[in-house]
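Q: I would like a close look at a single part of this model, and at what surrounds that part. Please take it step by step, in plain words.

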Amino acid sequence: MFRPLLWGLKWDALDVEKDREDIIVAGINEGTLAHWRWLMETYGKDTIRQTLTCRLETEFYPESRNLAQVIFSIPHLRHAR
């Protein structure tokens, strides 16, 4: 179900652990409720929270960012590297 979201990655070489950050960012930005559930079941809230706090605020759509901040209890995301 993630294939349309990860069009920029080679699907055959995709590794759930190695490509974790790309999968999480794509799922948060473009995913449906089913994608979000899969992310939480696969990685857990702590791993997702840690990944999101390492990324820039501008990497996320405002609506997705706001929802992720509420669901994963993230007070703020980074503004600069």
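A: Not counting its neighbours within four places in sequence, E21 is in contact with T51 and R55. The model is a predicted one, and E21 is found in its helix α1. With a relative accessibility of 37%, E21 counts as partly exposed, because it falls between the 20% limit for buried and the 50% limit for exposed. E21 can also be placed relative to G8, which is 13 residues away along the chain: their C-alpha atoms are separated by 14 Å.

The helix that holds E21 is the part to follow from here. Helix α1 covers residues 20-30, and helix α2 covers residues 33-54. Two packed helices are described by the angle between their axes and the distance between the axes. For α1 and α2, the axes come within 10 Å and cross at roughly 105°. That makes α1 roughly perpendicular to α2, because angles from 65 to 115 degrees are counted that way. On the α1 side, the residues that meet α2 are R20, E21, I23, I24, G27 and I28. On the α2 side they are W36, W38, L39, Y43, T47, I48, T51 and L52. By class, the residues of this contact divide into nine nonpolar, three polar and two charged.

Next comes the question of what is hidden in α1. The buried residues there are I23, I24, V25, A26, G27, I28 and N29. What covers them includes α2 and also α3, which runs over residues 62-71.

N29 is one of these buried residues of α1. N29 has a relative accessible area of 14%, so it is under the 20% limit and counts as buried. Its side chain reaches the backbone oxygen of E59 at 2.8 Å. Leaving out residues up to four places away in sequence, N29 touches E59, F60, Y61 and S64.

I24 and I28, also buried in α1, belong to the largest nonpolar core, which has 18 residues. Together with L39, I48, L52 and F72, they are the members that touch the most other members of this core. Helices α1 and α2 each supply at least two residues of the core.

L52 shows how the parts meet. Apart from neighbours within four places in sequence, L52 is in contact with I24, I28, F60, A68, F72, I74 and L77. L52 also appears among the α2 residues that meet α1, and again among the α2 residues that meet α3.

The second of these contacts can be described in the way used for α1 and α2. Helices α2 and α3 pack at an angle of about 85°, with their axes 11 Å apart. That makes α2 roughly perpendicular to α3, because the angle lies in the range of 65 to 115 degrees. W36, K45 and L52 in α2 meet S64, L67, A68 and I71 in α3. This contact has five nonpolar residues, one polar and one charged. S64 in α3 meets α2, and S64 is also touched by N29. W36 takes part in the contact of α2 with α3 and in the contact of α1 with α2.

T47 is another α2 residue that meets α1. T47 has a relative accessible area of 23%, so it is partly exposed, since the value is over the 20% limit for buried. A polar atom of the T47 side chain lies 3.1 Å from the backbone oxygen of Y43. T47 and F72 are 25 residues apart along the chain, and their C-alpha atoms are separated by 9.9 Å.

Two residues outside the helices complete the view. L14 lies in the segment before α1, and at 24% relative accessibility L14 counts as partly exposed. Setting aside neighbours within four places in sequence, L14 is in contact with L6, L9, D19 and I23. I23 is one of the buried residues of α1.

S73 is found in the segment after α3. With a relative accessible area of 52%, S73 is exposed. Its phi is near 55°, a positive value in a residue other than glycine. Most residues other than glycine have a negative phi. L14 and S73 are 59 residues apart in sequence, and from C-alpha to C-alpha they are 29 Å apart in space.

Note on methods: Residues numbered from 1 in each chain as written. Predicted model: local features only at pLDDT ≥ 70, side-chain atom pairs only at ≥ 80, totals over all residues. Heavy atoms only, no water. Core = buried A, V, L, I, M, F, W, Y, C linked by side-chain atoms within 4.5 Å. Buried < 20%, exposed > 50% of the residue type's maximum accessible area, 1.4 Å probe, protein only. Helix = DSSP H or I, 4+ residues; strand = E, 2+ residues; numbered from the N terminus. Contact = heavy atoms within 4.5 Å. Polar contact = N/O pair within 3.5 Å; in protein donor to acceptor, adjacent residues only side chain to side chain. Axes fitted to C-alpha atoms, helices over the stretch in contact; angles between N-to-C directions. Parallel < 35°, antiparallel > 145°, perpendicular 65-115°, else oblique. Nonpolar A, V, L, I, M, F, W, Y, C, P; charged D, E, K, R; others polar.
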